[in-house]
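Subject: Structure handover

Hello,

Here is the structure for you to take over. Please open it alongside the sequence; my notes follow below.

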Amino acid sequence: MKTQANEQSSMEAQLVRDSEQEEDGMGDTECEICKAFLTSSWTKDFDNLCDWYTHLLKKSSTGSIHIHVLGNIVTADPGNVEHILRTRFENYRKGKLFSVLLGDLLGKGIFNVDGDLWKFQRKMASLQLGSISVRMHAFDVVESEVRTRLIPLLLSVSGKQRVLDLQDVFRRFSFDNICKFSFGFDPGCLELSLPVSEFAEAFDLASKLTAQRVLAPSSLIWKAKRVLNLGSEKELKQAIKMVDEFAQRMIKQRREMGFSDTHDLLSRFMGTIDDDKYLRDIVVSFLLAGRDTVASGLTGFFLLLSRHPKVESAIREELERVLSATSPSPTDDRRFVSFDQMREMHYLHAALCESLRLFPPVQHDSKSAQDDDVLPDHTFVRKGTRVTYHPYAMGRMERIWGSDCLEFNPDRWLKNGRYIPESPYKYPVFQAGLRVCLGKEMALVEMKCVILAIISRFNIRVVNPNQGPRFAPGLTATVRGGVSVLGVKGYLLSLENGKKFIMNLVEILSGEAKVVDVELG
Ligand code: HEM
């Protein structure tokens, strides 16, 4: 725990050292928060940095805190979030810090740019992701991956002595999908044999090493290593080279095959862009956007569901209701729902929003202030300060969600059985305002497909439900050590955080789910 926490601290501290603008309050060791941060003393009481920040934000009278030594204002106040993401959007940008760190991997992709480059990509991608035909295509892609890979894989381990990491399964699943969607290429990561995909590995390594740059004691070190082509920077360069070669192959193939009538994102952008490097940057950003986020959302959902069998039953009942409203043809598999049927499942939607509230895949997101400013809660922001909104903490604020804020309660999203959305500034899980996530609808559909496919066939239980996840440092929330499962006579045994639990995975044949919780120790 200590090591992880220290890594998080040093990652944060590096952000400070790297920021040329963040002079405000550097070395403010008088501040208790800064002291606790610098000495890592918070790790005595908290497993995760995000939990400590949540604790501090809860205690703050404004809903914001200032980590002076990081030059970072962290806020959980919805008014501040709206101010940053909408009202004064022009003042809060990505800035130089992250674009330098992520630049080698993401180049000029949408995640890493501001201004005109961002506007152009945003417009093009909105057209792509907003179109009904593309959404239907995305649904077909996901459904096929569920039917032909995910279910056969889970069935293959149910009742067998075989270890699976549920988080890894979801990452493979979402990688196949996002590659098919972005390039029209199928890497087949979720085939039964769980093959090693060189591209997925190179992409993983490149993302990991890019995130690790912030762990270096000083930016000078990774920059020097990059110039000299040494160690992790050499590895990163090689991994990025593989990603580049792969992307170039995809682009070349698309040009040869013709791209005018295909649905994938690459084809859409190729209609207007000739520059292959720019095309590569655009697509790589999408891979990053759509892979780990979806896998993380699904992992959080199943961790929560395993503690709340009533929610699971309610989703099953809703599924039955929706399916029985239509008369199936004799060949229909009653456990697959159509795109339209899924839209009628308000409880499912509420349950998913609720799990993302408690386990947002992007736990915090930072912007850089271009000019001095004052936030609505009267916090002064000096030019160059990093301002971070914190969806993880916001999901745990009594002042936002009421006294039951820590409970997993899908009903809070429903009125007379219908889903009622919340203000995105109160719930910035997909960000909000002008840069709100473009893949939100697609991600929700993808996750719902997986959820329905699994819970209409299996029960999943984690025996020690009070064990909170420990997160690995990185750009997206990932459970440290994974969520491994081992098929034992109809059950899946989960080894979470190094501890053993049984996950009960029983195929439902008669409509009756048998729930047996057994702890192995
Ligand atoms: C549960 C799944 C997802 C979550 C929680 C999520 C969350 C977010 C967040 C917080 C941002 C803002 C990041 C930043 O500006 O630093 C974002 C941006 C974005 N997301 Fe997602 N995302 C998800 C899935 C997806 C998927 C599947 C796609 C693509 C198919 C996607 C495409 C994008 C794009 C293109 C942006 C950049 C928008 C812009 O800068 O204008 N996302 N997402």
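One cut-off first: a residue counts as buried if 20 or more other C-beta atoms lie within 10 Å of its own, as exposed if 12 or fewer do, and as partly exposed in between. Keep in mind that this is a predicted model.

That cut-off settles R399. The residue has 13 other C-beta atoms within 10 Å, so R399 is partly exposed. R399 is found in helix 18, residues 398-401. Its C-alpha atom is separated by 8.6 Å from that of K58, and the two residues are 341 apart along the chain.

Overall picture

The protein has 521 residues, and buried ones make up 46% of them. There are 19 helices and 15 strands. Take the contacts between residues at least 6 apart in sequence: 71% of these join residues at least 24 apart.

The core

The largest nonpolar core holds 123 residues. L266, V283 and V450 have the most contacts inside it. Helix 13, residues 276-305, gives the most to this core, with 15 residues. What does V450 touch, leaving aside its neighbours within four places in sequence? V450 is in contact with V146, L150, F173 and L298. As a general point, nonpolar side chains in soluble globular proteins tend to be buried together.

The ligand shell

There are 22 residues around the ligand. A289, G290, T293, C437 and G439 come nearest. By class, the shell has 14 nonpolar, five polar and three charged residues. Which helices each supply at least two residues of the shell? They are helix 6 (115-130), helix 13 and helix 19 (440-455). Helix 13 gives the most here, with six residues. Recall that helix 13 also gives the most to the largest nonpolar core.

Helix 16

Helix 16 covers residues 346-358, 13 in total. From its first C-alpha to its last, helix 16 reaches 19 Å, close to the 18 Å expected at 1.5 Å a residue. The helix is mostly covered, with 10 of its 13 residues buried. Among them are charged residues by name, E354 and R357, as well as H349 and S355. Y347, L348, A350, A351, L352 and L356 are buried too. Where does the cover for the buried residues of helix 16 come from? It includes helix 13, helix 14 (309-324), strand 9 (414-415), strand 10 (418-419) and helix 19.

The sheet

An open sheet of five strands runs in the order 1-2-8-5-3, with mixed pairing. Strand 1 and strand 3 (92-93) stand at the edges, each with a single partner strand, so one side of each is left without a neighbour in the sheet.

Strand 2, residues 72-75, is worth following residue by residue. Both of its faces are covered. N72 and V74 lie on one side, I73 and T75 on the other, and all are buried.

On one flank, strand 2 pairs with strand 1 (residues 64-67) in the antiparallel sense over four bridges. I67 has N72 as its bridge partner. Four residues lie between the strands of this hairpin, and G71 takes a positive phi near 60°.

Strand 2 is also joined to strand 8 (residues 386-389) by four bridges, and these two run parallel. N72 stands opposite R386, and T75 stands opposite Y389.

Over to you.

Notes:
Residues are numbered from 1 along each chain as its sequence is written. This is a predicted model: local features need pLDDT of at least 70, side-chain atom pairs count only at pLDDT 80 or more; totals for chains, interfaces and linings use all residues. A nonpolar core is a set of buried Ala, Val, Leu, Ile, Met, Phe, Trp, Tyr and Cys residues joined through C-beta atoms within 7 Å. Two residues are in contact if their C-beta atoms, placed from the backbone, lie within 7 Å. A residue is near a molecule or strand if its C-beta atom, placed from the backbone, lies within 6 Å of it. Ala, Val, Leu, Ile, Met, Phe, Trp, Tyr, Cys and Pro count as nonpolar, Asp, Glu, Lys and Arg as charged, and the others, Gly among them, as polar. Two strands pair if DSSP finds at least two bridges between them. The expected span of a helix is 1.5 Å times one less than its number of residues.
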